[in-house]
Amino acid sequence: MQTYLLSQQFNTGSLAENSTVCPANATICNGTSCVLPEDNFNETLSIILSAVLTIMLALVMFSMGCNVELKKFWGHIKRPWGIFVGFLCQFGIMPLTAFLLSLVFNVLPIQAVVVLIMGCCPGGTASNVIAYWVDGDMDLSISMTTCSTLLAMGMMPLCLFVYTKMWTDSNAIVLPYDSIGISLVALVIPVSFGMYVNHRWPSKAKIILKIGSIVGAILIVLIAVVGGILYKGSWTISPQLWIIGTIFPAAGYSLGFFLARVAGLSWHRCRTVSLETGMQNTQLCSTIVQLSFTPEQLELMFTFPLIYSIFQLFFALLILGGYRVYRRYRVKTKTDVEKTEDKEDSKSTSSHAKVNGGFVSNETK
């Protein structure tokens, strides 16, 4: 059992009562010092929550698959223009943006590396949930997430090799291929079952989709809250990382949307590419950071993935809120115009009927 030394100061009057002052779980008590067992509460809680969140995530991705049609999904694979645009955003724009932000804010080398790791990560599954709520192309969203996770096995080492040479040896960064593989399996299998349900039982798939979308929204917020609780002692990092963590996801959303529009994609696909670009797999970034650096180095930048995840969620909710307001206004305006046109048509029809002795042709009915 690992132990650590907890020093407790006692006044001279309490030394004689040392046995009563020491905590009940102390293994050794000598003078003014007690040896206590290591507190594994956070570690245990993290394991339990990880298991629960993994199960919930699989259920959410199953429900998202219920909105994917096999023909449309296969169409994106056969004509992968949208996927190619997403690929350029994911492994072109994001690593370059991370590199430029690190240079502009002149962060420490170890901090620049973690920013670059975040920029090189594939898209996260939360983007699929938000894409559903903003009426995005779910077939494109799922295919982009799947392809970016698969391509990350080759593109992440390449991007890190190119961009981290001026700060550190890229060989010092450990890429957890097993975690990437698990993420891919956890994405593909539930989505495949969802697509099958949608093919066989479309009416039931719609019900599952509505429930899953609500659970997915709750899950995204829950992950951010849990991360804040588990790592509440790691928030003391440099202001530059706070600023980068704020700007980076906003830049990803904006540049992804702009490039998709320049590439000629439709508006709902532009929204999809934007979300897939800005929302990164922060869990994978945290895993890479923990495997690659010492505890002393982790103190300088361990919380950055959590900061990024909070602000990527914040901006995603802003996008969702803005889109919902726009859609409500647009639908209302469109409805008012249609009603006005109907009234004008009815007036012209009635006046036409009076002129023609009350006869109304079948074409005007």
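Helices (H or I, at least four residues) are DSSP runs, numbered from the N terminus. The model is predicted, so local features need pLDDT of at least 70 and side-chain atom pairs count only at pLDDT 80 or more, while totals for chains, interfaces and linings use all residues. Residues are numbered from 1 along each chain as its sequence is written, and side-chain values use heavy atoms, without hydrogens and water.

**Exercise 1.** Locate Asn106 and Asp135 and determine the sign of phi for each.

*Solution.* Step 1: Asn106 belongs to the loop between H4 and helix H5 (109-120). Step 2: its phi is near 50°, a positive value in a residue other than glycine. Step 3: Asn106 is exposed, at 64% relative accessibility (buried means under 20% relative accessible area, exposed over 50%, partly exposed in between; 1.4 Å probe, protein chains only). Step 4: Asp135 lies in the loop between helix H6 (126-133) and H7. Step 5: phi of Asp135 is positive, about 60°, although Asp135 is not a glycine. Step 6: Asp135 is partly exposed, at 29%.

**Exercise 2.** Characterise the aromatic pair of Phe87 and Phe91.

*Solution.* Step 1: the structure holds eight aromatic pairs; rings of Phe, Tyr and Trp (its six-membered ring) pair if their centres lie within 6.5 Å, with planes under 30 degrees apart counted as stacked, over 60 as edge-to-face and the rest as tilted. Step 2: Phe87 and Phe91 lie 5.7 Å apart, centre to centre, with 55° between the planes, which makes the pair tilted. Step 3: the two residues are four apart in helix H4 (residues 81-104), so about one helical turn separates them. Step 4: Phe87 is partly exposed at 26% relative accessibility, whereas Phe91 is buried at 7%.
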